[in-house]
Each structure stands twice: as C-alpha cells, then as structure tokens.
Amino acid sequence: MRLRGPAAAALAFALLTGCAQSVDPIERLGEKAAQGIQPHGPAGTPQRPYRRWGLAAPLLPAPKPPRAARARTARSGLPPVVSRIRTHDKVVFLTYDDGAEKDPRFVDLVRELRLPVSMFLTDSVVGPGYGHFARLRSVGASIQNHTLDHPALRGLPYAGQRAEICGQQDKLGSRFGSRPRLFRPPYGTYDTITRRAAADCGISALVLWRASMTGGGELTYLRGIHRLRPGDIVAVDPDEGVGLTLRARTVRLLRRVQQAGLTVGRLEDYL
C-alpha cells in the first residue's frame, strides 16, 4: 500500500528522526509473545554455572594427559598404591567415599561444572541409594570400589579380603554394567594380602590420598607441603554433622584449587 499526503510525510519524519525505533522490540512482539523472552542486561542475563555455585571464575579445562602418565603395575605384579600422581599437569583429583550422602543438588553441581569426580562406594552404606549414583555416573562421575561392608582390611585373611573386594566388584558390575578398576581400602589401611586380593578381583590400583577436605570444610594434609600441588588426590570426607552439605564442602575445595592455580582432572585418566 502506498502512503500519500500527510501520512507519508509523518512516516518520513519518523524515519529521519529515529522515532520509528522508539518502541521497545519486545513491546512490538506483543505482551503474550514477550512472556517467553528474557530482557537483556544484568537483571535479565542468566547466571553462569560457576557463579551460581559460588565461584568467582570458571574452572580451567584439564589438559589431556599423556599415555605415559598412567601408573604402572609394580614389579611384584601387584597393583600400585598411590596417594598422589606424578605429573606436571596442573590438576588435582577429587574423590568421595562410602556413599552415605545422597544430595540431589550435588548431582547438579557435578553436571553443571562438569566435575570429573570419583565415587568409592561401600554397598552396606549406599543401601537402596544406588539410583542416586547412577545419576551421578550419567553426568560424568566414575564409580569405584570401597568394599562391601567397610572393614579395616589389614591383618584379615586372604579369603575375607577377597570376599569384601570381589563382592563389591560383582555388585557394582551388575548395577552399572562395568567393574571398577580402582579400589580404596577403608580407613586407608592395607597389607600385601590386600593388594594380592585386589589384583585377583581385577583392580589395577589402590587409591589413597594426600589431602582431605574435612566434614567441617577444612583442608588437611597427611604429609609433605601443606598446600595443594599438581597430582594431589583429595578425599572429601563424609559429613560430620556440622551442617555443611557435600556441595558446600566441594565448592569450598574448588575455591582452594583455583587459588592454587590448579583445576580438576579425571583420576581414571592417570591410573
């Protein structure tokens, strides 16, 4: 349709002065259409995942580990025992024991931050809660062995140690479709029989830790320098009834990791 007379003149004036753009684009869509659109700017910008979880910056991406980084079986033929990984990669490894805490928001944290965490599960502690760990596994966590009933293994006969380790291998294999390669002995205690039983159950490494995040959110060290270093394996301890959730302790640990100029690597890539 061609405009003539006063209408054409008004339109030309509006175009020249910019008044034709004075109506907000969302308003031009109409109220109903605009309901599904977020306005631009600080008030309407969706919060980035790292900020939503209380981090000042995103985690650095972990480097791809060289093949030579993998720990090798000891000359005795028994699986190695490791509390840290010898690597120049600026990574630490986050590990969690038992499976008593089943915070659904921890699953969200792992998914949104893409955390490569390792969960060492005890069957008697997890109980009917394996579905929670299936969800964790689906967002990138790995599931590893922490025995059937959480006994201190050192000093037990071979048959008893093998039953604890292989029994949990069978449980996890049937539930998740694959048997773990890594094993953490309860309380960090083990002997040569433990390593032999673990090897016979298909375990490739016994995993201890150099640092731990306590239930109260404090970072402690078993040996060496009291600061995080590349290759450190960190155990996030179970709740001690002090009110800090698993995700809160993890976020506190992630801040310490970032302060040290490090990031989180996948333990299974190095063992």
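This is a short walk through one predicted model, from its overall make-up to its cores and its enclosed spaces.

Before the details, residues are numbered from 1 along each chain as its sequence is written, and side-chain values use heavy atoms, with hydrogens and water left out. Because the model is predicted, local features need pLDDT of at least 70 and side-chain atom pairs count only at pLDDT 80 or more, while totals for chains, interfaces and linings use all residues.

The mean pLDDT of the chain, that is, the predictor's confidence in each residue from 0 to 100, is 84, and 79% of the residues reach 70 or more. Please keep residues 6–45 apart in your minds, since pLDDT stays under 50 there, and for that stretch the model has 15 contacts beyond four places in sequence, a contact being heavy atoms within 4.5 Å.

The chain has 10 helices and 10 strands, which are DSSP runs numbered from the N terminus (helices H or I, at least four residues; strands E, at least two). Of its 271 residues, 43% count as buried, where buried means under 20% relative accessible area, exposed over 50% and partly exposed in between, with a 1.4 Å probe and protein chains only.

Turning to the interior, the largest nonpolar core has 38 residues, and Leu-115 and Met-119 have the most contacts inside it; such a core is a set of buried Ala, Val, Leu, Ile, Met, Phe, Trp, Tyr and Cys residues joined through side-chain atoms within 4.5 Å. Leaving aside neighbours within four places in sequence, Met-119 is in contact with eight residues' worth of partners that include Tyr-96, Phe-106, Phe-133 and Ile-143. A second, separate core of 15 residues includes Val-82, Val-91, Ile-233 and Ala-235.

What about Gly-77, buried or partly exposed? Gly-77 counts as partly exposed because its relative accessibility is 45%, and this residue lies in the loop between helix 4 and strand 1 (81–82). The C-alpha atoms of Gly-77 and Arg-196 are separated by 8.8 Å, although the two residues are 119 apart along the chain.Finally, the enclosed space: the largest cavity has a volume of about 100 Å³, and among the 13 residues that line it are Tyr-96 and Leu-246. A cavity is a set of points on a 1 Å grid over the protein atoms alone where a 1.4 Å probe fits but cannot get out, lining residues have an atom within 4 Å of a point, and a volume is the space filled by probe spheres set on points joined across faces, edges and corners.

How values were computed: 1 Å grid on protein atoms, 1.4 Å probe; cavity = no way out; pocket = protein on both sides within 12 Å on 5 of 7 lines; lining within 4 Å.
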